[in-house]
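Hi,

Here is the structure I promised to pass on. Have a look through it first, and my notes follow underneath.

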Amino acid sequence: MRRTLPSAVPGIDLAAVPFTLPMLAALGISSCLAILWLPEYGHGYSPAFRTLYFCANLAWMVPLILLQRRLWRRQTGWGATCLILLCVTYAMSLANNVLGQELAMHLGLIKAPEWHRIHRGLDGCWLALIAFCAVHAVGAYYVALNRSQLQLTTALLAARDAELRALRYQLHPHFLFNTLNTVSALVVSQRDREATRMISRLAEFLRATLDQDGRHEHTLADELALTDSYLDIEKARLGERLVVETHIGPGVLNAMVPYLILQPLIENAIRHGIARRQTAGRLALQLACEGEQLAIRIENDGAAEGKAREAGGIGLANIAERLAMLYPERHEFTQQHNADGSYAVRITLPLRHAQATGAAAA
């Protein structure tokens, strides 16, 4: 079984790195060689030999790039890759010396090839080619790793978005089931006017939710508009038994909140509290800024017999999951029974205004 090049992130493709990256590295290394050879310029034929070696090394870079990438595509083990590159770069250095002897014969410095000296003076050319291979590998690995991490982050964000959408869509069947059950009960009890009004309000509420553009957050003003549509449905059913009190603090209407964060809480409060009362019940909604937090509090009168509300439920569990995904460790979600029999839910979120959010996105 062949070992692949070590990778911190599975699945990175070094061979997919742009070809321009190693070419820039080649120019950089060749420029460094030219600077190191500057002191020798002006000494006889030294500039001619150094120019030859400079051009030869630069020409060898392209075959080395292609060879390295072929080895990466074949997933050759790192040990075999290093051995192959060492042998190839050594052969290229020997070829440079052969070219040097050809130039020496052309200039009349020697009359015939001196094969016994072919292995001398390889350090400069060989080390430069080895350094290029190392720079190419490190640079390609770094770029590929960043690209792989970006793809992983994008995939995680897509998965998170899909999960949030699934949680949002979970609310609609739950809400429709409860509402249609109520309409059915009104029809059975021959309260046709209330049933007709409730169906009309339900259509308006669904139209408003379908117009939503798919974002997971919108302004508190938009959320309150949806909440009012829902409350109209409940008022059609409960009439004067439902008393709503709304307290909105300054500067909160353009704060960003999760989509449909209030409706499940209000539905829960009415279903388990006010709907069980024989007399009118109060539903209080308070929205205010608390420093850098947006505080949401919903309180409702309990059932007349003082029966405690059942724990759990789709609505509250759904909200808890969405808050945990949207604001990890930056929110609070608490519920409590009060001594007077009322029930309160409190949520705090990071206070972010719509204008600031748009500027950050831009």
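**What I found**

Of the 362 residues in the protein, 40% are buried, where buried means under 20% relative accessible area, exposed means over 50%, and partly exposed is in between (1.4 Å probe, protein chains only). Before you dig in: this is a predicted model, so local features need pLDDT of at least 70 and side-chain atom pairs count only at pLDDT 80 or more, while totals for chains, interfaces and linings use all residues. Residues are numbered from 1 along each chain as its sequence is written, and side-chain values use heavy atoms, with hydrogens and water left out.

**Overall**

The protein has 9 helices and 7 strands; these are DSSP runs numbered from the N terminus, with helices being H or I of at least four residues and strands E of at least two. About 19800 Å² of the protein is exposed, and carbon and sulfur atoms supply 61% of that (Shrake-Rupley method, 1.4 Å probe; for residues, only the protein chains shown count as cover). If you take contacts between residues at least 6 apart in sequence, 77% of them join residues at least 24 apart, a contact being heavy atoms within 4.5 Å.

**Strands**

On to the pairing, where two strands count as paired if DSSP finds at least two bridges between them. Strand β4 (residues 281-290) pairs with strand β2 (residues 242-248) in the parallel sense, over 7 bridges. Leu242 has Gly281 in β4 as its bridge partner. β4 is also joined to strand β5 (residues 293-300), this time antiparallel, by 8 bridges. In that pairing Leu285 stands opposite Ile298 in β5. β4 and β5 make a hairpin with 2 residues between them, and Gly291 in the turn has a positive phi of about 65°.

Strand β7 (residues 343-350) holds Thr348. Thr348 has a relative accessible area of 7%, so it is buried. Neighbours within four places in sequence aside, the residues in contact with Thr348 are Gln293, Leu294, Ala295, Arg330, His331 and Glu332.

**Cores**

I also looked for nonpolar cores, meaning sets of buried Ala, Val, Leu, Ile, Met, Phe, Trp, Tyr and Cys residues joined through side-chain atoms within 4.5 Å. The largest has 44 residues, and Leu262, Leu283 and Ile347 touch the most other members. Two or more residues of this core come from each of α4 (123-188), α5 (192-210), α6 (220-238), α7 (262-272), β4, β5, α8 and β7. The largest share is that of α6, with 8 residues. Another core, of 9 residues, lies apart from it and includes Leu64, Ile65, Leu85 and Phe132.

Ile347 is worth clicking on: not counting residues up to four places away in sequence, Ile347 touches Ile261, Leu265, Leu294, Ala295, Ile296, Ile319, Leu323, Glu332 and Phe333.

As for α7, 10 of its 11 residues are buried, which leaves the helix mostly covered. Polar residues appear in that buried set too, including Gln263, Glu267 and Asn268.

**Backbone oddities**

Which residues other than glycine have a positive phi? Gln75 is one of them, with phi near 55°. Gln75 is in the loop between α2 (46-73) and α3 (78-106), and counts as partly exposed because its relative accessibility is 45%. Glu329 is not a glycine either, yet has a positive phi of about 60°. Glu329 lies in the loop between α8 (314-326) and β6 (332-337), and at 83% relative accessibility Glu329 counts as exposed.

**Cysteines and one helix residue**

How many disulfides does the model have? The count is 0, with a disulfide taken as a pair of cysteine sulfur atoms within 2.5 Å. For Cys82, the nearest cysteine sulfur is that of Cys133, 9.4 Å away. Cys82 is partly exposed, with a relative accessible area of 42%, and Cys289 is partly exposed as well, at 33%.

Lastly, Phe54 sits in helix α2 and is partly exposed, at 25% relative accessibility. C-alpha to C-alpha, Phe54 and Asn96 are 9.7 Å apart in space, and they are 42 residues apart in sequence.

Cheers
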